[in-house]
Amino acid sequence: MRAAAILLAAGTGERLGGEVPKALIDLAGRSLLDRAVSAVAAAAGISGYVVAAPPGREDEIGAAASGDRFLAVVTGGDTRQASVALALEALPGAFDAVVCHDVARALASPALFDRVLEALSGADGVVPVLPVVDTVKRVEGSRVVETVPRESLGLAQTPQAFRRAALEDAHRRARDEGFQGTDDAALLERASRRVVTVPGEPSNLKITEPADLVRAEAVLRDG
Ligand code: CTP
Ligand code: MG
């Protein structure tokens, strides 16, 4: 398969409280976007990438995302899901596999991109997951309703790999049915597609709050 990445950088980073879009925030000397682009460039299986930028920031984001495999910058949508749909429309027809990746996960390794792509041979979608180590309670108000067996749970990360036709179909369905998912795999699951897991990376944390930047710096420093 010929694979391209969609780099999701169209969020504003409200919880980080930044004046600049989150993708352009500095993490130990390089922006989150620059780090994500480097991972994609070093992944053997990815031959192009499209970047979704916040409205009005396309030039800035496009310049920061330039590289050998750069295809296009698109204006993102109101939600992450809308940004993916818009980026898919800009993807040249030659690509039949797509890896969706949140630039907020700037520490994902090139090997993780290749791992999700390899597992795509037996599935429509592939999600990296980490095991849940805490005991999980289902709660209503302040009352515990039950304990959910953690063996059956996984914490989902990006990059997530998909067969392009399945991803496009799932996004069309979700849009038509007014469904909003928090990741792309959720849309395929709803469409009864086969989604499988591969081991995620503990260091591939999602940078959401200012404290996450401190944690990410520690990962870069100490491994
Ligand atoms: N994203 C996007 N388009 C949107 C919203 C989010 O491309 N309309 C991207 C973000 O750029 C990020 C990823 O989706 O890489 C995950 O979103 P999140 O961590 O929530 O980032 P932000 O939306 O930027 O942060 P916040 O919610 O704090 O504003
Ligand atoms: Mg957000």
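## Pockets in the predicted model

A pocket is an open set of points on a 1 Å grid over the protein atoms alone, with protein on both sides within 12 Å along at least five of seven lines; its lining residues have an atom within 4 Å of a point. The model described here is predicted.

## Largest pocket

The largest pocket holds about 740 Å³ of space. Its lining consists of 29 residues, and those nearest the centre are Ala10, Gly11, Arg15, Lys22 and Arg80. By class, nine residues of this lining are nonpolar, 11 are polar and nine are charged. The space of the largest pocket is the one taken by ligand 1.

## Ligand 1

The shell around ligand 1 has 18 residues, with Leu8, Gly13, Glu14, Arg15 and Ser83 the closest. Seven residues of the shell are charged, six are polar and five are nonpolar. Arg15 is thus named both among the closest residues to the ligand and among those nearest the centre of the largest pocket.

Oxygen atoms of ligand 1 have polar partners in the protein. Glu14 places a backbone N or O atom 2.7 Å from one such oxygen, and Val103 has a backbone N or O atom 3.3 Å from an oxygen of the ligand. Lys22 takes part through its side chain, a polar atom of which lies 3.0 Å from a ligand oxygen. Taken alone, ligand 1 exposes 560 Å², and 87% of that area is buried by the protein.

## Second largest pocket

The second largest pocket contains about 310 Å³ of space. It has 14 lining residues; nearest its centre are Ala85, Glu89, His171, Arg172 and Arg175. The lining divides into six nonpolar, four polar and four charged residues.

Helix H3 and helix H5 (164–177) each supply at least two residues of this lining. The largest share comes from H3, which gives six residues.

## Cavity

One cavity of 30 Å³ or more is found in a search of the whole structure. The largest cavity has a volume of about 40 Å³. The residues that line the cavity are Arg80, Gln81, His171, Gly181, Thr182, Asp183, Asp184 and Leu187. Four of these lining residues are polar, three are charged and one is nonpolar.

Helix H3 (80–89) and helix H6 (184–190) each contribute at least two residues to the cavity lining. Two residues of this lining also appear elsewhere: Arg80 is listed nearest the centre of the largest pocket, and His171 is listed nearest the centre of the second largest pocket.

Note on methods: Residues numbered from 1 in each chain as written. Chains lettered and ligands numbered in written order. Predicted model: local features only at pLDDT ≥ 70, side-chain atom pairs only at ≥ 80, totals over all residues. Heavy atoms only, no water. Near = heavy atom within 4 Å. Polar contact = N/O pair within 3.5 Å; in protein donor to acceptor, adjacent residues only side chain to side chain. Areas by Shrake-Rupley, 256 points an atom, 1.4 Å probe, with all protein chains shown as cover. 1 Å grid on protein atoms, 1.4 Å probe; cavity = no way out; pocket = protein on both sides within 12 Å on 5 of 7 lines; lining within 4 Å. Sits in = over half its atoms within 2 Å of the grid points. Nonpolar A, V, L, I, M, F, W, Y, C, P; charged D, E, K, R; others polar. Points joined across faces, edges and corners; volume = space filled by probe spheres on them. Helix = DSSP H or I, 4+ residues; strand = E, 2+ residues; numbered from the N terminus.
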